[in-house]
Amino acid sequence: RYGLRKSGLEKLGEPDEVSADLFSFHPADYAILGGIWGLEGDRSVHHNVVIAAVNAVAVDAVGAAVMGFDPAEVGALDMAERNGFGSRDIDLMWIRANEIEPAKRAFQQPDGWTKARSKPGKQP
């Protein structure tokens with residue numbers, strides 16, 4: 001988990017499940033991911049990238065790939081895809097402007113990162 005702890009939201013359940021619940025109430029009409037600056041641990045990283053689309057799952061999947069993460073290993077994207085909000089399969093997306101590889105900057109994985117469900121501290 002990045003950034004400040006959101007203790008109120010954490011009381012509602014696992015972040016993946018809370019996100020899917022909130023999104024199912026009113027799915028986004030358009031999604032914009034601003035990656036001009038990112039956070040890696042406690043240090044700011046200038047990346048200078050913006051990702052936008054009509055499908056929020058696609059935006060997050062491309063964002064994960066640009067950060068060096070495999071979208072198939074991100075728990076929230078798994079939950080969103082299973083709930084029918086979109087696909088996290090990069091191969092199914094039509095990407096305009098820069099492709100993922102030239103825009104990629106591998107971010108350091110957070111402490112406790114696992115590939116099972118991408119929840120810190122939980123092992124497969």
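Biologist: In what order do the elements of the protein run from the N terminus on?
Modeller: This is a predicted model, where local features need pLDDT of at least 70, side-chain atom pairs count only at pLDDT 80 or more, and totals for chains, interfaces and linings use all residues. Residues are numbered from 1 along each chain as its sequence is written, and side-chain values use heavy atoms, without hydrogens and water. Helices (H or I, at least four residues) and strands (E, at least two) are DSSP runs, numbered from the N terminus. From that end, the order is α-α-β-β-α-α-α.

Biologist: Which helix gives the most to the largest nonpolar core?
Modeller: Such a core is a set of buried Ala, Val, Leu, Ile, Met, Phe, Trp, Tyr and Cys residues joined through side-chain atoms within 4.5 Å; buried means under 20% relative accessible area with a 1.4 Å probe, protein chains only. The core has 26 residues, and Ile-51, Val-62 and Val-66 are among those touching the most other members. Strand 2 (43–53), helix 4 (75–82) and helix 5 (100–103) are among the elements that each supply at least two residues. The most, 9 residues, comes from helix 3.

Biologist: Which parts does the aromatic pair of Phe-23 and Phe-85 tie together?
Modeller: Rings of Phe, Tyr and Trp (its six-membered ring) pair if their centres lie within 6.5 Å; planes over 60 degrees apart count as edge-to-face. Phe-23 and Phe-85 are edge-to-face, 4.9 Å centre to centre with 75° between the planes. Phe-85 counts as buried because its relative accessibility is 18%. The pair ties together parts 62 residues apart in sequence: helix 2 (residues 15–25) and the loop between helix 4 and helix 5.

Definitions and conventions. Buried < 20%, exposed > 50% of the residue type's maximum accessible area, 1.4 Å probe, protein only. Phe/Tyr/Trp six-rings, centres within 6.5 Å; stacked < 30°, edge-to-face > 60°.
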